[in-house]
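These are my notebook entries on a structure that I examined one topic at a time. I record what I looked up and what I found.

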Amino acid sequence: MDLNLTKDQETIREVFAAFFEGETGPIRARAAEPVGMDAAAWERLLETGAPSMGASEAAGGGGASLADLTVVATEAGAFIAPLPFVDHAVTTRLLDTVNACDDGMLAGTTIVGLALCPAIDGIARTVPSGAAAHRVVAIDGNRLVLDRPVDNPSAGHLANHGCLPLAHRDLTGAEVVASGPDALAKHARAVDEWRTLTAATLVGIARSAVDLGVAYVMERKQFGRPIGSFQAVQHQLADLPGLVDGAGLLTSKAAWAGDRATVDGLAGEPGVLDVDSNDVTDFVALAAMALVAAGEAATTATDRSLHVHGGYGFSEEYDIQLYYRRARALAYVLGDPARECRRLASMFPTPFVYASEAGAT
Amino acid sequence: MDFSLGDRAEFFRDEVRNFLAEHLTTEVVERMHSTGTFDDKDFNVALAEAGLLAGAVPGYGDRDPIELYILFNELEKAGAPYDGLAVTMLVAGVVNAVGTDLHRDTVLPQLLSGRSSCCLGYSEPDYGSDLAAITTRAVRDGDEWIIDGQKMWTTMAHEAEWVILLTRTNPDVPKHKGLTMFLVPMDTPGIEVQPVPTMASERTNATFYDGVRVDDGCRLGEVDDGWAVMGIALAFERGVMGGTNPAVPLLRHVRSWAAKTPAPDGGTILNDPLMLERTARTAIANQVSQLLTLRAAWIAATGGLPGLEGSMAKLYATERYQQTVRWFQQMAGAEGLLSFGTDGAAADGWIDYDGRHSPVTTIYGGTTEINRNNVAERHLGLPRSR
């Protein structure tokens with residue numbers, strides 16, 4: 001049991017917190033609207049080597065663990081970086097497993113993205129990084145495909161709530177990189193990694209939303225004193241740190257489980273999913289749990305933070321609305337969290353059935 | 001980060017689970033619910049004899065707070081009587097930290113044997129959250145003290161051998177600075193216990209202190225330094241000693257019930273869409289509650305004082321528990337109203353039980369409002385608001 005980041009992860013955190021603060025943040029996020037892609041910041045990100053971080057060392061990548069990537073994704077969320085870091089990282093890792101991750105992808109000059117849901121009629125719909133990625137990996141039938149390169153992906157951007165780089169992608173002429181049950185399983189693993197890293201992004205968004213709310217209530221005066229001195233305002237904010245830290249811990253646990261579940265691309269330690277005694281180390285379950293919990297933490301934190309901003313929170317001028325819209329976009333882009341919950345519950349083991357005469361035990 | 005408990009802690013957890021499989025009998029659980037006394041001496045003695053109790057004292061023995069957390073978490077998840085035991089072990093921790101040699105040599109072994117237990121004499125009829133304002137007086141008389149006053153919510157007082165008593169020894173200084181803590185035998189003349197029945201099956205008490213004479217040796221900590229002793233007790237308590245995973249047995253019993261309850265369209269209600277969603281949300285909240293609690297234990301294990309983290313765990317866990325109870329109470333309808341041992345009771349009566357018990361969890365051990373004040377002031381840096 002150790003809840004500290006490793007020394008290396010501490011360094012990663014410091015480096016990327018500084019990077020995202022300097023190269024992204026609310027001003028840049030505004031400038032990157034409505035597409036949600038900052039090409040200049042991505043150019044700078046290439047210099048850090050971040051795009052190849054997640055791929056294996058054997059393939060020429062950085063060999064970072066899911067836990068390491070979680071640290072970066074959280075900082076990206078905290079500064080609402082308009083960059084497809086998460087999608088690129090999980091997609092390079094997926095392509096790596098089918099030996100289809102090329103040098104451009106590793107360098108980040110070819111941005112790759114992931115279609116989360118199977119294609120319908122040859123179209124991968126609402127791909128989260130579809131308006132930023134040059135190439136998108138999708139499931140089409142029982143095949144894992146890589147679509148034809150798109151030079152100007154932002155042309156296909158779909159205007160949306162959170163200014164995410166959403167686009168539909170036409171899979172006509174796509175290259176088949178794998179097929180069959182193994183391909184589907186690899187894609188499912190990539191989507192679980194996306195869940196985990198998106199949860200981390202949401203945790204970062206939630207943390208910043210709390211900070212913005214606290215700063216505002218200390219600055220804004222009504223009735224002759226800061227509104228942050230009123231208990232009714234304080235208590236709306238006081239519920240949030242536990243909610244956000246809890247989601248952060250669950251996300252870190254999911255990443256830890258994901259790193260244990262595969263070692264060098266092979267099956268690692270099997271997880272446990274015993275909800276009846278609250279023992280859960282299964283990656284697939286934890287990834288779903290983390291996304292639901294982080295989505296709720298981010299939507300709640302941005303909701304309360306916006307509310308204590310009063311009318312200014314609703315205005316475009318203040319930053320909280322940027323966080324508010326991105327929290328919802330990332331929490332819902334994979335689908336209804338209630339459906340995610342039902343999917344999770346369907347993985348639970350058959351309950352132990354007590355004999356009705358067993359009484360209270 | 002590493003979320004595995006480690007070999008040693010896992011071994012300890014298995015020991016606790018094996019113990020529970022053998023000793024947590026239907027009789028023990030039924031006795032607990034029929035008497036409303038969530039403390040069972042025979043069960044406690046068995047725990048002590050299995051060597052599981054000595055390590056349960058915070059700051060004493062060779063177990064770390066992670067193992068302390070494991071012990072109480074396993075007891076809570078299993079639905080075992082542990083409320084009284086948690087208080088006793090908490091007091092044992094305080095005795096170990098600030099007690100005299102005499103306390104450590106005489107009281108501690110009794111508490112650790114499971115044969116002796118302790119109750120908390122903090123709250124009074126007029127002072128709950130504003131605890132430092134309590135008025136029970138202790139006046140020095142030579143080598144003795146004379147205590148007069150009344151305490152409220154002294155749960156287990158009718159069974160306990162000891163009460164840890166917060167008293168006012170100096171009314172002329174700011175309220176936090178005139179308090180002194182005592183550890184008083186419950187058979188001292190002048191102590192009277194009156195039951196306070198509750199809407200749940202658990203019983204609590206009011207206790208009355210009329211000219212209670214105790215030796216100065218009963219004092220815990222320095223004169224007028226009782227607030228610091230309270231601080232130690234709270235730091236031990238928060239998060240680590242149960243109370244943050246109450247929805248685990250509820251979920252287990254609800255799932256069991258759902259799996260044997262036919263759905264109108266065939267199959268069972270376990271696969272009802274709303275049941276799937278709510279069981280999943282409960283399982284998620286249970287994981288988060290566990291992690292927030294484990295963080296508090298881990299901070300304590302690595303030498304910190306997890307006061308704030310304990311507040312966060314309690315706030316989250318208790319609000320979620322109440323929400324879970326509301327969901328399942330609604331979904332179970334009439335059968336959910338039926339009590340333990342009743343024919344047709346949903347979840348074997350646990351929904352009724354948790355429906356009665358859950359309201360107190362956002363009140364006792366520090367109300368939601370006090371915990372929010374704590375987080376607002378000490379974590380978010382907002383001004384004091386009262």
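**Entry 1: a residue of chain A.** In which helix of chain A is the place of Glu14(A)? I looked this up first and found Glu14(A) in helix 1 of chain A, which comprises residues 7-23. I note at the outset that the model is predicted. I then asked whether Glu14(A) is buried or exposed. Glu14(A) is exposed, because 12 other C-beta atoms lie within 10 Å and the cut-off for exposed is 12 or fewer. I also looked up the pair Glu14(A) and Val71(A): their C-alpha atoms are 9.7 Å apart in space, while 57 residues separate them in sequence.

**Entry 2: confidence in chain A.** I checked the pLDDT of chain A and noted an average of 96, with 98% of the residues scoring at least 70. Residues 357-361 of chain A stay under 50 in pLDDT. For this stretch the model nevertheless has 17 contacts beyond four places in sequence. I treat the stretch with reserve, and my reason is a general one. Where pLDDT is low, the predicted coordinates should not be read in detail.

**Entry 3: the contact of chains A and B.** I looked up how many residues each chain brings to the contact: 49 come from chain A and 53 from chain B. On the side of chain A that touches chain B, the elements giving two or more residues are helix 8 (231-238), helix 9 (240-261), helix 10 (283-308) and helix 13 (337-347) of chain A. Helix 9 of chain A gives the most to this side, with 10 residues. I sorted the side of chain A by class and recorded 28 nonpolar, 15 polar and six charged residues.

**Entry 4: chain B as a whole.** I recorded 12 helices and eight strands in chain B. Its radius of gyration is 21 Å, and the globule rule gives 21 Å for 386 residues, so chain B is as compact as a globular protein of that length. The C-alpha trace of chain B spans about 80 × 45 × 40 Å along its principal axes. Of the 386 residues in chain B, 54% are buried. Among contacts in chain B with a separation of 6 or more, 69% join residues 24 or more positions apart.

**Entry 5: domains of chain B.** The domain assignment divides chain B into domain 1 (7-116), domain 2 (119-233) and domain 3 (238-378). I took the centres of domain 1 and domain 2 of chain B over C-alpha atoms and found 23 Å between them. Their contact takes 20 residues from domain 1 and 18 residues from domain 2 of chain B. On the domain 1 side, helix 5 (83-98) and helix 6 (101-112) of chain B are the elements that give two or more residues. Helix 5 of chain B gives the most there, with nine residues. By class, I noted 10 nonpolar, eight polar and two charged residues on the side of domain 1 of chain B that touches domain 2.

**Entry 6: helix 11 of chain B.** Helix 11 of chain B has 12 residues, 350-361, and reaches 16 Å from its first C-alpha to its last, close to the 16 Å expected. Why do I describe helix 11 of chain B as largely enclosed by the rest of the structure? Nine of its 12 residues are buried, so the description holds. Among the buried residues of helix 11 of chain B are Trp350(B), Ile351(B), Tyr353(B) and His357(B). I looked for what covers these buried residues and found that the cover includes helix 8 (247-259) and helix 10 (307-336) of chain B.

How values were computed: Residues numbered from 1 in each chain as written. Chains lettered and ligands numbered in written order. Predicted model: local features only at pLDDT ≥ 70, side-chain atom pairs only at ≥ 80, totals over all residues. Contact = placed C-beta atoms within 7 Å. Helix = DSSP H or I, 4+ residues; strand = E, 2+ residues; numbered from the N terminus. Nonpolar A, V, L, I, M, F, W, Y, C, P; charged D, E, K, R; others polar. Expected span 1.5 Å × (residues − 1). Buried ≥ 20, exposed ≤ 12 C-beta atoms within 10 Å, placed from the backbone. Domains from an automatic or database assignment. pLDDT = per-residue confidence, 0-100. Rg over C-alpha atoms; globule rule 2.2 N^0.38 Å.
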